[in-house]
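Visitor: Please take me through one part of this model closely. I would like to follow the strands and what surrounds them.

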Amino acid sequence: VKYTANGTDGASVGHGLDSAPEMILYKGINATGNWITLTTAIDDSADYLFLNTTAAKGDYASNYIPTDNLFYSISSSNSLQFIAYCFHSVDGIQKVGSYTSQYPNTTHVETGFEPAFVMIKSYNQARNWCIHDNKRKVTNSDQRQLYANLSSAEADINDQIEFTSNGFTVKGGSNDL
């Protein structure tokens with residue numbers, strides 16, 4: 001969704017989805033600023049993270065929780081233009097959610113389908129945003145990850161994520177995730 005803030009922080013904006021977004025990536029496009037990630041997937045409240053930093057989550061007021069038709073502007077500017085990428089879970093296609101790591105043990109995350117792209121961020125610690133996909137690997141043991149918050153090249157990893165037919169498994173040695 002592309003929109004221009006109207007001078008009211010929390011002003012409503014239509015999103016065009018068939019249900020409420022569980023994650024929205026906001027970015028001002030005519031001024032510098034953070035990529036703000038609003039999500040209800042952690043604890044059903046309005047939480048935010050910055051896609052371009054490692055910071056832990058913060059809390060927005062509950063009136064920022066998206067509805068089936070609307071989400072809410074995060075700026076009181078009357079001229080800042082935004083792009084807002086809105087996501088919600090769709091059975092068999094995409095899953096927005098959170099999980100609790102069983103570190104140092106293995107954690108299986110159920111999605112209901114084999115994912116092609118997984119982005120992980122610890123919400124209670126300063127950690128990188130880790131991106132895993134099935135396009136840059138030959139096997140589950142030959143993986144590389146990208147960090148959404150860094151400008152570095154992909155990094156080699158050893159068995160941190162294994163894609164399965166119904167989700168993905170985070171291996172026990174994956175304290176970074």
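**Strands, a loop and a pocket**

Guide: Start with a pair of strands in this predicted model. Strand β4 (residues 36-39) and strand β5 (residues 47-50) run antiparallel, joined by 4 bridges. Within that pair, Thr37 faces Leu49 of β5.

Now widen the view. β4 and β5 belong to an open sheet of 6 strands, ordered β1-β8-β3-β4-β5-β6. The pairing is antiparallel. Why do β1 (2-4) and β6 (58-59) count as edges? Each has a single partner strand, so one side of each lacks a neighbour in the sheet. Strands of a sheet pair through backbone hydrogen bonds, parallel or antiparallel.

Next, the pocket. The largest pocket holds about 1,100 Å³ of space. Its lining counts 39 residues, and those closest to the centre are Gly97, Ser98, Met119, Ile120 and Lys121. Four elements give two or more residues to this lining: β3 (23-28), β4, β9 and β10. So β4, bridged to β5, also has a place in the pocket wall. The largest share of the lining, 4 residues, comes from β10.

Follow β10 onward. Strands β10 and β11 pair in the antiparallel sense, over 4 bridges. Ile120, one of the residues closest to the pocket centre, has Cys130 in β11 as its bridge partner. In a regular strand, side chains alternate between the two faces of the sheet. Look at both faces of β11. Cys130 and His132 lie on one side, Ile131 and Asp133 on the other, and all are buried. Both faces of β11 are therefore covered.

Between these two strands there is a loop to inspect. Gln125 sits there, between β10 (117-120) and β11 (130-133). Is Gln125 buried or exposed, or something in between? Its relative accessibility is 36%, so Gln125 counts as partly exposed. The side chains of Gln125 and Arg127 make a polar contact of 2.8 Å. Gln125 also reaches residues distant in sequence. Leaving aside neighbours within four places in sequence, Gln125 is in contact with Thr54, Ala55 and Ala56. Lys57 is 68 residues from Gln125 in sequence, yet their C-alpha atoms are 8.1 Å apart in space.

β9 leads to another sheet. This one is open, with 3 strands in the order β9-β15-β14 and antiparallel pairing. Its edge strands are β9 (107-110) and β14 (161-164), each pairing on one side only. Neighbouring strands here are turned by 20° against each other on average, direction ignored. β9 is also among the elements that give two or more residues to the pocket lining.

Take the other edge. β14 pairs with strand β15 (residues 167-170) over 4 bridges, in the antiparallel sense. Phe163 has Phe168 in β15 as its bridge partner.

Finish with Thr164, which is in strand β14. Its relative accessible area is 16%, and buried means under 20%, so Thr164 is buried. What does Thr164 touch, not counting residues up to four places away in sequence? The list is His108, Phe113, Glu114, Pro115 and Thr169. Closer in sequence, Thr164 has a polar contact with Asn166, side chain to side chain, at 3.1 Å.

Note on methods:
Residues numbered from 1 in each chain as written. Predicted model: local features only at pLDDT ≥ 70, side-chain atom pairs only at ≥ 80, totals over all residues. Heavy atoms only, no water. Pairing = 2+ DSSP bridges. Buried < 20%, exposed > 50% of the residue type's maximum accessible area, 1.4 Å probe, protein only. Contact = heavy atoms within 4.5 Å. Polar contact = N/O pair within 3.5 Å; in protein donor to acceptor, adjacent residues only side chain to side chain. Axes fitted to C-alpha atoms, helices over the stretch in contact; angles between N-to-C directions. 1 Å grid on protein atoms, 1.4 Å probe; cavity = no way out; pocket = protein on both sides within 12 Å on 5 of 7 lines; lining within 4 Å. Points joined across faces, edges and corners; volume = space filled by probe spheres on them.
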